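Me: I am new to this structure and should like to be guided through it by questions and answers. Please begin with the chain as a whole and then proceed to its details.

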Amino acid sequence: MSCKHFKNSPQKYYKIISLATFVGLLYACSTTKKVPNGEYLLTKNNFEFEDKKEFFDDELKGYVQQKPNKKQLLFMPLSLGFYNMANPKYDTILNEYMTYPSEMRNQKLRDSLFIKYNMKSSVGKSLFLDRLLHSWGSLPVILDQTRTAKSAESIDKRLTYRGFWDGQVTFKHDLDSTAKKAAVTYFIKHNDPTYIKDYYFNIPDPGIKSLYMQKLDKSLIRSGQILDQTVLEKEVTRINELMREKGYYRFNNSNEEIFFVADSLKSRKQVPLTLEIHRDSADHPYKVATIGNIDVAIVDEAGDYPKNTIKDSLRRIRFHKMNNNYKTSSLWRAVIVDHKQIYDQKKLDLTKRNFLAMNNFSILKARDSLRRGGGISPNDSIIDVLYILKPLPKYELKLGTDINYSQILNLGVSPSVDLTTRNVFKGAENLSTSLSGTFGSIRSTKDISNRVLAYEISAQASLNFPRLLLPFDYYKLLPKRYTPTSSILLGASIQNNIGLGRVNFNTGLNYQANVNDQVSHRLTLFNTQVSLTKNKDAYYDYFVNDDKVRSEIFDNYFVHSPETETKYKSGALSIDNVSRMIVEDKEYYATLNQQGVDLFTAFRGTLVNKDRQTQDILISSMLYNFVYSEIGKKDYPNAFYFNGKLELAGNILSIFNQKRDEGGIVTNPQRTIFGIPYAQFVKFDIDTRKYFKFGNQTLVLRQFIGVGIPYGNSKNMPVIKSYFNGGSNDIRAWVAFGGLGPSDSQVDERVRTYMTDNIKLTTNIEYRVPFSDMYEGAIFTDIGNTWSVRSYNDGFGDEFKFNKFLGQMGIGSGFGLRVNVAYITFRLDLAYKIYDPNKPDGDKWRFKNFQPFKPTLNIAFGYPF
């Protein structure tokens with residue numbers, strides 16, 4: 001070790017050394033330190049399935065009454081370690097102390113407990129460290145053998161519930177008197193299940209019976225199925241939702257109107273099952289309910305309704321307001337139910353959700369009830385609805401700071417200030433303004449061993465409307481239940497990232513509609529972005545690899561044309577002048593050998609990069625986005641996700657202007673608006689994901705397809721709309737702009753690094769295995785690359801061909817760890833290159849170059865998909 005390295009080691013590694021010391025102390029502190037003599041610390045519950053495994057077996061673990069202390073750090077019980085580190089003298093006092101509400105935990109309470117437990121000498125002591133350890137810690141789980149027997153009974157009952165009536169559960173205790181530790185093993189034998197022999201239903205009410213028969217094909221119960229009561233519960237839920245959608249108010253609200261009868265007198269293996277639906281013992285008929293009065297009140301306090309309100313109405317809905325701060329029409333749009341409509345519980349729930357989504361109100365009361373008939377008896381067919389709303393404050397200010405990580409930005413800090421102004425035009429419109437920044441460091445393009453400051457500062461304003469901004473009544477075309485909204489966006493940002501900074505302006509008009517909880521549509525009109533590049537003349541100062549290639553070919557060309565060198569060194573010719581001469585000199589190109597041709601192709605690539613990186617661009621597009629998502633929905637354990645985008649840019653601008661700029665060195669002149677070239681392209685993005693649950697483990701498949709087709713005024717896609725490879729959410733074996741792609745191009749990697757393209761295919765496979773509530777492991781494989789949509793005869797070799805693209809995919813695999821703390825998931829992935837298409841033939845498979853201790857490290861927050 002060098003002196004310099006030795007000198008800096010304590011400063012560089014003190015955190016690691018401290019953590020290792022801390023972990024060592026916890027290990028040194030016996031987990032059984034506070035286990036009484038003659039007792040045992042429960043360390044593990046084992047499950048052995050003696051005949052077979054069923055798909056629900058993982059849930060049986062939840063029926064064990066005693067579980068070991070949870071493991072957090074390095075698979076050890078950290079919370080138990082904290083508890084054991086506390087002074088045992090005060091355990092009894094502090095255990096009781098922690099049962100009190102936090103607001104009561106003070107010195108007075110501690111002193112009273114000292115007196116209670118005859119520890120008067122300790123009165124006045126704070127016990128700060130011991131209290132801290134108790135608050136972080138958890139008591140050792142002491143084996144209770146009677147609870148083991150009860151756990152076995154609970155597991156047996158769950159087997160019966162799942163249809164295995166003859167299941168058997170036994171257990172064994174493994175006791176270690178010396179270590180004072182114990183493990184419990186549960187032996188589970190399913191035996192043969194009980195099946196539904198025949199399925200019948202007894203529904204006296206003709207209306208209910210008719211509806212059930214119409215949807216009989218949707219029934220979850222079939223003859224020949226295992227008699228699983230969880231399936232019966234789901235069938236009850238399905239029937240409840242069906243009947244409530246068809247107007248039967250509070251159908252089966254007591255959960256006593258639907259039940260199943262299984263006849264097990266003749267057999268325990270083949271059992272007839274009967275569905276019974278009865279309103280009451282007398283089988284009174286059900287009645288279809290309709291909506292009566294609909295009242296919406298806007299008040300400051302619940303007691304202000306109805307005495308302090310003025311009544312108004314619009315289209316059969318009654319409104320009660322204390323003032324005219326909110327237009328009646330804006331409130332009417334949120335109400336999905338209508339007078340004399342057949343009752344539908346979903347519409348009531350959606351109305352409530354709409355009021356909350358407006359971000360203008362809190363709901364003090366949401367009530368639906370049967371109207372009273374003569375006397376005190378209710379009328380069981382008319383439902384009156386009432387919503388009492390309280391306006392939220394006019395202004396809401398939020399200050400926040402996020403910490404993020406990316407392979408380009410490294411660790412970054414993002415402070416933000418957000419101000420929401422509600423009800424701007426008395427129609428529940430909200431104006432959201434924000435000022436935010438992201439500050440971090442990036443790899444210097446001048447010296448990749450160093451990192452330099454990077455930042456982005458942005459200001460955004462968004463005016464959100466709880467309706468569509470259209471000059472006509474659209475409700476017959478788009479029902480209110482779709483909750484349509486509009487927003488007008490205006491923003492600006494300045495950034496400095498990979499060397500050349502940019503100034504961006506954006507504006508747009510967005511429409512959004514949610515068909516249901518899974519399906520949403522978003523249409524963006526006049527989505528306009530202006531991106532202006534700063535420091536264009538400093539391109540070669542920042543992109544030093546491109547400058548090296550340029551210098552090499554300049555030296556080569558000057559041998560061919562000495563007079564050009566003289567003019568260049570005298571200042572008569574600029575770098576761009578010489579570059580243009582080289583690419584247009586066919587006589588020079590004809591003299592090149594293969595090495596010279598490769599250098600020429602790489603040089604041309606640097607010019608393409610330079611033109612694209614330094615280009616000012618105007619993008620005016622229309623964008624449509626369709627999303628179908630089952631993620632997070634309890635009825636979809638094997639969730640599916642689809643996100644499709646279509647963007648069409650530049651057609652309107654092409655009508656107005658024919659004036660062209662001078663073009664770049666290798667790019668053609670383009671038509672401009674206000675002197676800025678505008679882009680024309682069509683772009684498709686498809687992102688599909690499928691999640692498969694295997695108990696508590698998850699297999700995720702993801703496929704991304706992106707295609708951008710430039711046309712008209714654009715020969716290439718704008719850089720900000722193009723595709724690149726690598727990064728923590730993409731092909732993780734390569735860092736972003738890390739040398740993968742495009743295609744299997746053999747262009748000098750120094751040039752390929754910042755090449756982007758207009759076709760992208762990425763396939764991701766990830767298998768997630770939780771170790772505990774806090775830790776989760778994953779293994780993954782990522783496959784993909786980028787291509788050009790067609791051949792430009794530029795020598796880059798990046799065009800997409802159906803008969804070749806599979807062999808041009810980059811492949812990376814690895815494993816990772818996810819740490820779930822509160823609502824944040826910290827992710828660490830280690831990935832390795834398996835197949836690199838940009839390596840020469842014979843060197844593409846990377847197994848012989850495999851270096852297990854040099855993976856590509858990905859640190860991120862949240863799941864990759």
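**The chain as a whole**

Reply: In this predicted model, residues 24 or more positions apart account for 65% of the contacts in the chain with a separation of 6 or more.

Me: What share of the 865 residues is buried?

Reply: A residue counts as buried when its relative accessible area is under 20%. By that cut-off, the buried share of the 865 residues in the chain is 44%.

Me: How many helices and strands does the chain have, and what does its C-alpha trace span along the principal axes?

Reply: The secondary structure comes to 18 helices and 29 strands. Along the principal axes, the C-alpha trace spans about 105 × 80 × 65 Å.

Me: Into which domains is the chain divided, and what distance separates the centres of domain 1 and domain 3?

Reply: The division gives domain 1 (32–189), domain 2 (195–277), domain 3 (290–391), domain 4 (537–613) and domain 5 (723–864). Taken over C-alpha atoms, the centres of domain 1 and domain 3 are separated by 50 Å.

**Confidence**

Me: Which element of the chain has the lowest mean pLDDT?

Reply: The mean pLDDT of the chain is 86, and 90% of its residues reach 70 or more. Among the elements, strand β20 (residues 640–649) has the highest mean, 96, while the lowest, 43, belongs to helix α1 (residues 3–28).

Me: How many contacts beyond near neighbours in sequence do residues 1–21 and residues 24–28 have?

Reply: The pLDDT is below 50 over residues 1–21, and this stretch has four contacts in the model beyond near neighbours in sequence. It is also below 50 over residues 24–28, where the number of such contacts is six.

**Helix α2**

Me: Why is helix α2 largely enclosed by the rest of the structure, and which of its residues are buried?

Reply: Helix α2 covers residues 78–85, and it is largely enclosed because seven of its eight residues are buried. The buried residues are Leu78, Ser79, Leu80, Gly81, Phe82, Tyr83 and Asn84.

**Helix α12 and its partners**

Me: Is α12 roughly perpendicular or roughly parallel to α14?

Reply: The axes of helix α12 (residues 544–560) and helix α14 (residues 575–584) come within 11 Å and cross at roughly 65°. The contact is made by Arg550, Ile553, Phe554, Tyr557 and Phe558 of α12 and Ile575, Val578, Ser579, Met581 and Ile582 of α14. Angles of 65 to 115 degrees fall in one class, so α12 is roughly perpendicular to α14.

Me: How are α12 and α16 oriented to each other, and is their crossing left-handed or right-handed?

Reply: The axes of α12 and helix α16 (residues 594–613) come within 9 Å and cross at roughly 135°, and the two helices are therefore oblique to each other. On the α12 side the contact includes Asp546, Val549 and Glu552, and on the α16 side it includes Leu599, Phe600 and Phe603. The crossing of α12 and α16 is left-handed.

**Lysine 269**

Me: Is Lys269 buried, partly exposed or exposed?

Reply: Lys269 lies in the loop between β5 (258–262) and β6 (270–277). Its relative accessible area is 27%, and values between 20% and 50% form the intermediate class. Lys269 is therefore partly exposed.

Me: Which residues does Lys269 touch, not counting those up to four places away in sequence?

Reply: The C-alpha atoms of Lys269 and Leu227, 42 residues apart along the chain, are separated by 9.5 Å. The residues that Lys269 touches are Asp166, Asp192, Pro193, Thr194 and Tyr195.

Notes:
Residues numbered from 1 in each chain as written. Predicted model: local features only at pLDDT ≥ 70, side-chain atom pairs only at ≥ 80, totals over all residues. Heavy atoms only, no water. Domains from an automatic or database assignment. Buried < 20%, exposed > 50% of the residue type's maximum accessible area, 1.4 Å probe, protein only. Helix = DSSP H or I, 4+ residues; strand = E, 2+ residues; numbered from the N terminus. pLDDT = per-residue confidence, 0-100. Contact = heavy atoms within 4.5 Å. Axes fitted to C-alpha atoms, helices over the stretch in contact; angles between N-to-C directions. Parallel < 35°, antiparallel > 145°, perpendicular 65-115°, else oblique. Left-handed = near helix turned anticlockwise from the far one by under 90°.
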